[in-house]
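These entries record what I looked up in the structure shown below. I kept them brief and in the order in which I worked.

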Amino acid sequence: MNIFVCLKQVPDTETKIKLNGDNSGIDTAGIKWIVSPYDELAVEEALRLREKNPGSTVTVMSAGPVRVVEAIRTALAMGADNGVHVEVPETADTFLTAKALAAAIKKEGNLDILFTGKEAIDDGASQVSQLIAEHLGLPCVTVVLNAEYGAGSVKVKREIEGGAFESIELPMPCLIAAQKGLNEPRYASLPNIMKAKKKEVKSVKLADLGVAETEQKIRFKNFQLPPPKQAGKKIPGDPATQAKELARLLHEEAKVV
Amino acid sequence: MAKVFIIAEHRDGKLKKSTFELLSASAAAGNETHAVILGDSVAEAAKELGAYGASKVHTIQDPALKFYTSESYVAALAPFLKAQSPDVVLAAHSPTGRDFMPRLAVRLDTGLASDCTSLTFAGNGITVKRPVYAGKAMVEVEFLGAGPKMATVRPNSLGAPKMDAAKTAEIVSASASLGNLKTKVTDIAKSNSGRPDVTEAPIVVSGGRSLKSAENFKIIEELADSIGAAVGASRAAVDAGYRPHRDQVGQTGKVVSPALYIACGISGAIQHLAGMRSSKVIVAINNDAEAPIFQVADYGIVGDLFQVVPLLKQELVKLKEH
Ligand SMILES: Cc1cc2nc3c(=O)[nH]c(=O)nc-3n(C[C@H](O)[C@H](O)[C@H](O)COP(=O)(O)OP(=O)(O)OC[C@H]3O[C@@H](n4cnc5c(N)ncnc54)[C@H](O)[C@@H]3O)c2cc1C
Ligand SMILES: Nc1ncnc2c1ncn2[C@@H]1O[C@H](COP(=O)(O)O)[C@@H](O)[C@H]1O
């Protein structure tokens, strides 16, 4: 099987976000970068599927500036076979990113299944998976908690609102976007980390893919830090007094109950 | 004035409040407000949309639309919307809206702003803002092309919808040719908690690691049930097995924006704040006066949650009885 994974490199969740000088973006200096957590699930699912289907290959792709090669190496250290870095500018929107990734996948050959994360934790867009699926004409299910792979088809469980789940069947080739619960991602072993360092990561440019940098549909502008929240009221007294006063404030002052 | 199309969301014949929110905001701004509702039998639900501000409701009915799939929705909506030439297309940033809107944007060759928490109508366009980096920054989203402007809006962001039972909408049916569909929904398993969803509920009561067991969450559930709230949890509580992952609030859980968020025994780690800081009113109950959660709380109680939570429930029940 030809298994693909798209993963995004994002700032570590502890990162303190600072803006750049003209508020057109963030200051990336000193940021610790990680693989977006849901994308680790996507890598793990790909590796497990390969283990069940000997002879399969797992190709990992990431779009972004050169720093994202490190994220690809993390996936290689987990056990992925090949890495492809799709060079797009730092400011690429979801539409350009998806178009480039779709073109790069096409260039690599026929895919049987593509795994992604349900959302990247930096822009939290939940767009790129569906956009790639649309460009490649693939059926796609997002927020997948469980997947069973049959001959040429997949049965998945998708989380919807209110703690409900949908069971969905779709044919391969297809795209599955991972939600937490799908699996427990493995840690990279030391020998695999060493091996991953030596693996070649291919780079492709937008020009090689026939995609123009101008194929953006949206742009983020006027970045702002959220206004600091004013410290609220701490309610004094014994528990009974506190509870009573809180109920009163929620009712009379905040008017939310 | 813009020509605005709002994709209505419903489940089991019940429309979502997030749909009413969008209709109400669009109508209040004086737009030509259309609702589109898809399903196998939506005639009854369609009638409700006028009261919230739709001047025209388009129904697209097909047996294959009985259960939502992104494939069937996009197959039905893309040709329909192309023919209508909307200025703006909106849906909720819900499990449904966030799923199909990107594919629809590709078909309409236009841009989509996801998870917007602020939306302003101006002329025949919109100005939208959204959080990025888990709410650590806000951005304005600029649409670059000439196509319709598309956005998904975080539920509870636009304020309570206004209803006027006297208003009705013209209801028209549109046809769809869905073609061969590849994805098939074989089953829907509902939850049986009877509580609202964390992302939709107007009030969320969350508990953390300090609850110490799944059984102890009963006091959180009782407080929640007394005010029609959903139950949320910190990741520490989820990892400890006290609550299912679907209840987790935070950067790797649900992002919620209720009118009231009550955090009980939650320290306020940055990843937790990412999921709830856009709540209108935040209450923290924690026995450590230095806990970071107090920095974002509008009202704080320094105390033992096992004492305070049941007492608060009693007080809120008393309020309701008056
Ligand atoms: C990549 C990544 C993603 C993450 N994603 C999330 C996420 O989505 N959501 C999330 O919540 N976390 C997330 N976390 C974890 C986060 O960093 C914290 O570890 C977690 O939120 C802590 O949960 P807690 O507040 O329940 O526990 P603790 O931090 O242990 O806090 C417990 C609090 O309870 C108080 N307390 C104890 N006993 C009582 C009592 N009797 N009465 C009142 N108060 C009491 C204590 O003072 C303390 O403040 C993530 C972490 C990482 C690294
Ligand atoms: N720059 C990127 N490179 C590779 N994959 C990406 C990139 N951006 C997004 N993705 C994939 O698309 C998913 C959804 O991302 P998003 O639409 O940004 O929330 C992620 O979990 C990744 O699997």
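**Entry 1: charges and overall form of chain A.** I began with the charged side chains of chain A and found 33 positive and 34 negative ones. The centres of these two sets lie 2 Å apart. I note here that the model is a predicted one.

I then looked up the secondary structure and found seven helices and 13 strands in chain A. The C-alpha trace of chain A spans about 70 × 45 × 40 Å along its principal axes. Of the 257 residues in chain A, 53% are buried. I also looked at contacts in chain A between residues at least 6 apart in sequence, and 71% of them join residues at least 24 apart.

**Entry 2: the surface of chain A.** Chain A exposes about 11200 Å², and I noted that carbon and sulfur atoms supply 52% of this area. Which residues make the nonpolar surface patch of about 280 Å²? I found A:Leu190, A:Ile193 and A:Met194 there. A:Met194 belongs to helix H5, residues 190-198 of chain A. Its relative accessible area is 43%, so I entered A:Met194 as partly exposed.

**Entry 3: salt bridges between the chains.** Side chains of opposite charge can pair when their charged atoms come close. I searched the whole structure for such pairs and obtained 39 salt bridges over all chains.

I first examined the salt bridge of B:Lys254 with A:Glu159, where the closest N and O atoms are 2.6 Å apart. This pair crosses between chains: B:Lys254 sits in the loop between helix H6 (235-239) and strand E16 (260-264) of chain B, and A:Glu159 in strand E8 (residues 153-159) of chain A. Are B:Lys254 and A:Glu159 buried or exposed? I found both B:Lys254 and A:Glu159 to be buried.

I next looked up A:Glu161 and B:Lys16, whose side chains meet in a salt bridge at 2.9 Å, N to O. A:Glu161 is in the loop between E8 and strand E9 (165-171) of chain A, while B:Lys16 is in the loop between strand E3 (14-15) and helix H1 (17-28) of chain B, so this pair also joins two chains. I recorded both A:Glu161 and B:Lys16 as buried.

**Entry 4: salt bridges within a chain.** In chain A, I looked at A:Arg248 and A:Glu252, which form a salt bridge of 2.8 Å, N to O. Both residues lie in helix H7 (residues 239-253) of chain A, four residues apart, or about one turn of the helix. I found A:Arg248 partly exposed, with a relative accessible area of 36%. A:Glu252 is partly exposed as well, with a value of 45%.

In chain B, I found a network of salt bridges that links B:Arg195, B:Glu221, B:Asp225, B:Arg243 and B:Asp247.

**Entry 5: the surroundings of B:Cys116.** I located B:Cys116 in strand E7, residues 112-116 of chain B. Why does B:Cys116 count as buried? Its relative accessibility is 0%, and buried means under 20%.

I then listed the contacts of B:Cys116, leaving aside its neighbours within four places in sequence. Among them are B:Val128, B:Lys129 and B:Arg130, and also B:Ala151, B:Thr152, B:Val153 and B:Arg154. B:Ser157 is in contact with B:Cys116 too. Finally, I looked up B:Ile227, which is 111 residues from B:Cys116 in sequence and 27 Å from it in space, C-alpha to C-alpha.

Notes:
Residues numbered from 1 in each chain as written. Chains lettered and ligands numbered in written order. Predicted model: local features only at pLDDT ≥ 70, side-chain atom pairs only at ≥ 80, totals over all residues. Heavy atoms only, no water. Buried < 20%, exposed > 50% of the residue type's maximum accessible area, 1.4 Å probe, protein only. Contact = heavy atoms within 4.5 Å. Areas by Shrake-Rupley, 256 points an atom, 1.4 Å probe, with all protein chains shown as cover. Lys, Arg positive; Asp, Glu negative; His and termini not counted. Charge placed at Lys NZ, Arg CZ, Asp CG, Glu CD. Patch = residues over 30% accessible without salt bridge, like charges linked within 9 Å, V, L, I, M, F, W, Y side chains within 5 Å. Salt bridge = Lys/Arg side-chain N within 4 Å of Asp/Glu carboxyl O.
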